[in-house]
Amino acid sequence: MAGLALVAPALAIVVAFFIVPLGISFALAFRGKDGRFTLEHFAKAFDLYTTDLVFTLAIVLLASALIAIVAIAIAGYLTLGENPRAVAVLRWLYRWPLFIPFVVTGQVMRTFLAKNGMLNHVLIGAGLLEPLAAQSLLDWRGIVVAFVWKQAPFVTLLVAGAMASLERGHIEAARNLGAPRWRVLWDIVLPQVRGTVLVGIVLSFVTMLSVLSVPLMINPNSPTMITVDVAYRINTHSDYAVANALCLLSLLVAASGAWFYLRHAARSAETG
Amino acid sequence: MATSLRWPRLLLTALLLALFAFAIFGPLANLLLWAFAEKWYFPSKLPSEFGFAFWRRVFNPRGNALASLGTSVWIAVLTVVVSLAVAIPAGYALARLRLPWRSAILLLFLLPQAVPNLPIYVNIARVFYEVGLNGTVTGVVLVHAAHGLVLAVWIASAAFAAVDASLDEAARNLGATPWTCFRTITLPLAAPGLMASAIFVFLESLDEFTGTYFVGVPDVTTLPLLMFNASMGGNYQIASITALLLLVPSIGFMLVVERFLKADVLAMVGR
């Protein structure tokens, strides 16, 4: 019982400032003006924002896929790379964006990817792009780039850690038998760290779904992400009903991801 | 065969690393340029004048940037105090004591990380508005602490689990009270891990945007909000300088994180 007393204050805060607001969100999304159960707020949300729901899902899925590819590639090279100097440089390089806040990432990309930004100047300078063909990337592409730039290091950190703790014997054996490195990565290393990759991707997926600053700064106009619509419903219309309906829809999307995550966490808690 | 393959391969590695370095540092370099640009007109590649005029504006004692920095740091410190005050006992109990429904409690502490936070902030803001907590430092600290707490509990629990429990038992056998054991043995040994969780919580609070955006309006302007407002107002210099201020602690922590979070603690996270 002493244990419960020690946990109680922390639990109370989580319940008061997390569980209760979540409950309120459900209540407001399903309650009509007369106080009865209704689905009209969801109907209105779909009516106004179906495009944005699809847009959000597409961006977050695309970013998740790219993050997985980048993270596995970097972590794989860190584990299997044979040039120690290149491995050291890569290890030093990849983590810079790790703790950079999303709002700063938004500002950084807002200047870098603009029509007059550094990316276009470098591409033009290198002769890879005609000056007249330069265009601003501040639309869905900008959001994806910002998400991948910010989240890939986080997933890489997790995956590289998991790969580092693998049994080296299998890897050495396969290499000695003449297997190329990409086959070792795909057939031997990756299956053993699948859980870690999944956890990292799901955490990023959920995080990206609730980021407001990046879409607001890079692509505030329609079609845009659901978070921007929620802020708009509240700040401009004080429309908590539709805002909460939108919130619950993105929660539903996240829940499918979080379900994987919790299942994996529960399983490793049992075996660990 | 091996030697003829070696040079092209080295060159390819170097080229890929250079491209990767550009992907990481290019955006940051662009931010630096904007922070020191006095005049930068479309479509020139580089600013036509560099200088510190905007830095003087940001660091003007009567300007609102320093006030925001003060607000941000004060909120972050309070958030660390509140979070650790409840996370240390909770982490200790989760790591060391027999708890009923232990895995359910651990899952509950996981939920805020696994669920989008937007509905939470939106509805807390609505409740806080009714009780007069909107636009107050207390309101923002409570929101930040509820989120930071989760990480703090997990890291604190891992830090306590990584401390050898037999040291405790030996001291108990020699007649020390549980409180003395905790104060003189377990707490000092878990200190690096707890320090790491304090830094995590501090940074999370310092960088937090969405919660402050809804709960802090209109009176609490933290540094991220100031940066956002400057950027949306088209003042890229002020936005970039503020962004640099926010980058310093983030990058500093990235460089030292492994000193605080040792592998033995990391291995215990979530156990």
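**Note on a predicted two-chain model**

1. Ser238(A) sits in the loop that connects α11 (226-237) with α12 (240-271) of chain A. The model under discussion is a predicted one, and in it Ser238(A) has a positive phi of about 45° although the residue is not a glycine. Ser238(A) counts as exposed because 9 other C-beta atoms lie within 10 Å of its own, where 12 or fewer is the limit for that class.

2. A comparable backbone feature occurs in chain B, where phi of Trp101(B), likewise a residue other than glycine, is positive and near 50°. Trp101(B) belongs to the loop between α3 and α4 (102-114) of chain B, and Trp101(B) is classed as exposed because 11 other C-beta atoms lie within 10 Å. A further point of backbone geometry in chain B is the cis peptide bond between Val217(B) and Pro218(B), for which omega is about -5°; Pro218(B) is part of the loop that runs between α9 (210-215) and α10 (223-232) of chain B.

3. Turning to chain A as a whole, the secondary structure consists of twelve helices and zero strands. The C-alpha trace of chain A spans about 75 × 70 × 30 Å along its principal axes, and 47% of the 272 residues of this chain count as buried. Among the contacts in chain A between residues at least 6 apart in sequence, 76% join residues that are at least 24 apart.

4. Helix α8 of chain A (residues 181-192) deserves a look of its own. With twelve residues at 1.5 Å a residue, α8(A) should span 16 Å, and its end C-alpha atoms are 16 Å apart, so the model agrees with the expectation. Which residues of α8(A) are buried? They are Val184(A), Leu185(A) and Val189(A), and, seen down the axis of α8(A), the buried residues fall within an arc of 95°, so they line one face of the helix. As a general rule, an α-helix has 3.6 residues a turn, so residues three or four places apart point the same way. The buried residues of α8(A) pack against α2 (40-80), α6 (140-164) and α7 (168-176) of chain A, whereas Arg183(A), Asp187(A) and Pro191(A), on the other side of α8(A), are exposed.

5. Helix α9 of chain A (residues 194-209) passes the same kind of length check: its 16 residues should span 22 Å at 1.5 Å a residue, and the end C-alpha atoms are 22 Å apart, which agrees. This helix is mostly covered, with twelve of its 16 residues buried; among them are Val197(A), Gly200(A), Ile201(A), Ser204(A), Phe205(A) and Met208(A).

6. The contact between the two chains involves 72 residues from chain B and 67 residues from chain A. On the side of chain B that touches chain A, helix α1 (residues 2-36) of chain B provides the largest share, namely twelve residues. By class, that side of chain B is made up of 56 nonpolar, eleven polar and five charged residues.

7. The largest nonpolar core has 167 residues, and those with the most contacts inside it are Val159(A), Ala87(B), Leu149(B) and Val153(B). Helix α6 (residues 137-161) of chain B gives the most to this core, contributing 18 residues, and the core also draws at least three residues from each of domain 1 (2-51) and domain 2 (65-266) of chain B. Neighbours within four places in sequence set aside, what is Ala87(B) in contact with? Its partners are Ala10(A), together with Leu149(B), Ala152(B), Val153(B), Ala156(B) and Ser197(B).

8. The domain assignment divides chain B into domain 1 (2-51) and domain 2 (65-266), and the C-alpha centres of domain 1 and domain 2 of chain B lie 35 Å apart. Four residues of domain 1 of chain B are in contact with six residues of domain 2 of chain B; on the domain 1 side, α1(B) supplies the largest share, three residues, and by class that side has four nonpolar, no polar and no charged residues.

9. One last residue in chain B may be noted, Val81(B), which is placed in helix α3 (residues 64-96) of that chain. Val81(B) is partly exposed, with 13 other C-beta atoms within 10 Å. Its C-alpha atom is separated by 28 Å from that of Pro61(B), the two residues being 20 residues apart along the chain.

How values were computed
Residues numbered from 1 in each chain as written. Chains lettered and ligands numbered in written order. Predicted model: local features only at pLDDT ≥ 70, side-chain atom pairs only at ≥ 80, totals over all residues. Core = buried A, V, L, I, M, F, W, Y, C linked by C-beta atoms within 7 Å. Buried ≥ 20, exposed ≤ 12 C-beta atoms within 10 Å, placed from the backbone. Helix = DSSP H or I, 4+ residues; strand = E, 2+ residues; numbered from the N terminus. Domains from an automatic or database assignment. Contact = placed C-beta atoms within 7 Å. Nonpolar A, V, L, I, M, F, W, Y, C, P; charged D, E, K, R; others polar. Expected span 1.5 Å × (residues − 1). Arc of directions from axis to C-beta.
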